[in-house]
Amino acid sequence: MKLSKLEKYFEVEKLVFNSLDLALYNVSAVVEGQEYMITDERGERIKHHNLLALQQRFQNVKAKKQVVRQSSAYDEMIGGPVKGSNEMEVSLGDNKLY
């Protein structure tokens with residue numbers, strides 16, 4: 001879903017900043033129970049190394065809540081058994097620090 005389309009919604013359920021690697025994030029949004037990756041006008045996923053810069057770019061999106069989501073590959077890296085999802089979501093406020 002393009003960012004310009006997302007900004008037109010009255011309110012989205014959740015804005016998710018996905019932590020990919022060290023300080024790299026991309027963004028998805030939950031709209032009417034479906035999760036969509038957010039893209040720019042060229043159709044490329046929006047990503048950034050600075051979480052505050054992403055919050056600034058999404059300041060016109062009205063979201064009920066914002067979260068940072070991270071999945072760890074730790075179990076896989078140490079050769080442990082697959083335990084299912086180890087995804088973690090942490091609530092994130094927009095303090096407009098940008």
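**Inside a predicted fold**

Biologist: Let's start with Phe-58: buried or exposed?
Modeller: This is a predicted model, so everything here is read off computed coordinates. The relative accessibility of Phe-58 is 1%. The cut-off for buried is under 20%, so Phe-58 counts as buried.

Biologist: How many aromatic pairs does the count come to?
Modeller: Phe-58 has a ring partner, Phe-17, with the two ring centres 6.3 Å apart. Ring centres have to lie within 6.5 Å to pair, and by that rule the count comes to one.

Biologist: What kind of pair do the rings of Phe-17 and Phe-58 make?
Modeller: Look at the planes: they sit at 85° to each other. Anything over 60 degrees goes in the edge-to-face class, so this pair is edge-to-face.

Biologist: How many residues apart are Phe-17 and Phe-58 along the chain?
Modeller: Phe-17 belongs to strand β1, residues 12-21. Phe-58 is in the loop between α2 (51-57) and β5 (63-70). The pair therefore links distant parts of the chain, and the separation is 41 residues.

Biologist: And Phe-17, buried or exposed?
Modeller: Its relative accessibility comes out at 0%. With buried meaning under 20%, Phe-17 counts as buried.

Biologist: Zooming out, in what order do the elements run from the N terminus on?
Modeller: The secondary structure comes to three helices and six strands. Read from the N terminus, the order is α-β-β-β-β-α-β-α-β.

Biologist: What share of the contacts with a separation of 6 or more comes from residues 24 or more positions apart?
Modeller: For background, the chain has 98 residues, and 32% of them count as buried. It exposes about 6700 Å², with carbon and sulfur atoms supplying 50% of that. As for those contacts, the share from residues 24 or more positions apart is 51%.

Biologist: Which element gives the largest share of the largest nonpolar core?
Modeller: That core has 17 residues, and Leu-6, Leu-15, Val-27, Ile-38, Leu-54 and Phe-58 touch the most other members. At least two residues each come from α1 (3-6), β1, β2 (24-31) and α2. The largest share is four residues, and the element supplying them is β2.

Biologist: How many of the eight residues of β2 are buried?
Modeller: This strand has partners: seven bridges join it to β1, and two more pair it with β4. Both pairings are antiparallel. β2 is mostly covered, and the number of buried residues is seven.

Biologist: Which residue of β2 stands opposite Asn-18?
Modeller: β1 and β2 form a hairpin with two residues between them. In the turn, Leu-22 has a positive phi of about 40°. Across that hairpin, the residue opposite Asn-18 is Asn-26.

Biologist: What is the bridge partner of Ser-28 in β3?
Modeller: β2 and β3 also make a hairpin, again with two residues in between, and Glu-32 in its turn has a positive phi of about 50°. Four bridges join these antiparallel strands. One pairs Val-31 with Gln-34, while the partner of Ser-28 is Met-37.

Biologist: Which residue of β4 stands opposite Tyr-25?
Modeller: β2 and β4 pair over two bridges, in the antiparallel sense. Opposite Tyr-25 you'll find His-48.

Biologist: Which side chain has a polar contact of 3.0 Å with that of Lys-14?
Modeller: Lys-14 is in strand β1 and counts as buried, with a relative accessible area of 17%. Beyond its sequence neighbours, its contacts include Ser-28, Val-30, Lys-65 and Arg-69. The side chain at 3.0 Å is that of Glu-89.

Biologist: How far apart are the C-alpha atoms of Glu-44 and Lys-2?
Modeller: Glu-44 is in the loop between β3 and β4, and at 44% relative accessibility it counts as partly exposed. Leaving aside neighbours within four places in sequence, Glu-44 is in contact with Ile-38 and Thr-39. Lys-2 is 42 residues away along the chain, and the C-alpha separation is 8.9 Å.

Technical notes:
Residues are numbered from 1 along each chain as its sequence is written. This is a predicted model: local features need pLDDT of at least 70, side-chain atom pairs count only at pLDDT 80 or more; totals for chains, interfaces and linings use all residues. Side-chain values use heavy atoms; hydrogens and water are left out. Rings of Phe, Tyr and Trp (its six-membered ring) pair if their centres lie within 6.5 Å; planes under 30 degrees apart count as stacked, over 60 as edge-to-face and the rest as tilted. Buried means under 20% relative accessible area, exposed over 50%, partly exposed in between (1.4 Å probe, protein chains only). Contact means heavy atoms within 4.5 Å. Accessible areas come from the Shrake-Rupley method with a 1.4 Å probe; for residues, only the protein chains shown count as cover. A nonpolar core is a set of buried Ala, Val, Leu, Ile, Met, Phe, Trp, Tyr and Cys residues joined through side-chain atoms within 4.5 Å. Two strands pair if DSSP finds at least two bridges between them. A polar contact is a pair of N or O atoms within 3.5 Å; within protein, one must be able to donate a hydrogen and the other to accept it, and residues adjacent in sequence count only if both atoms are side-chain atoms.
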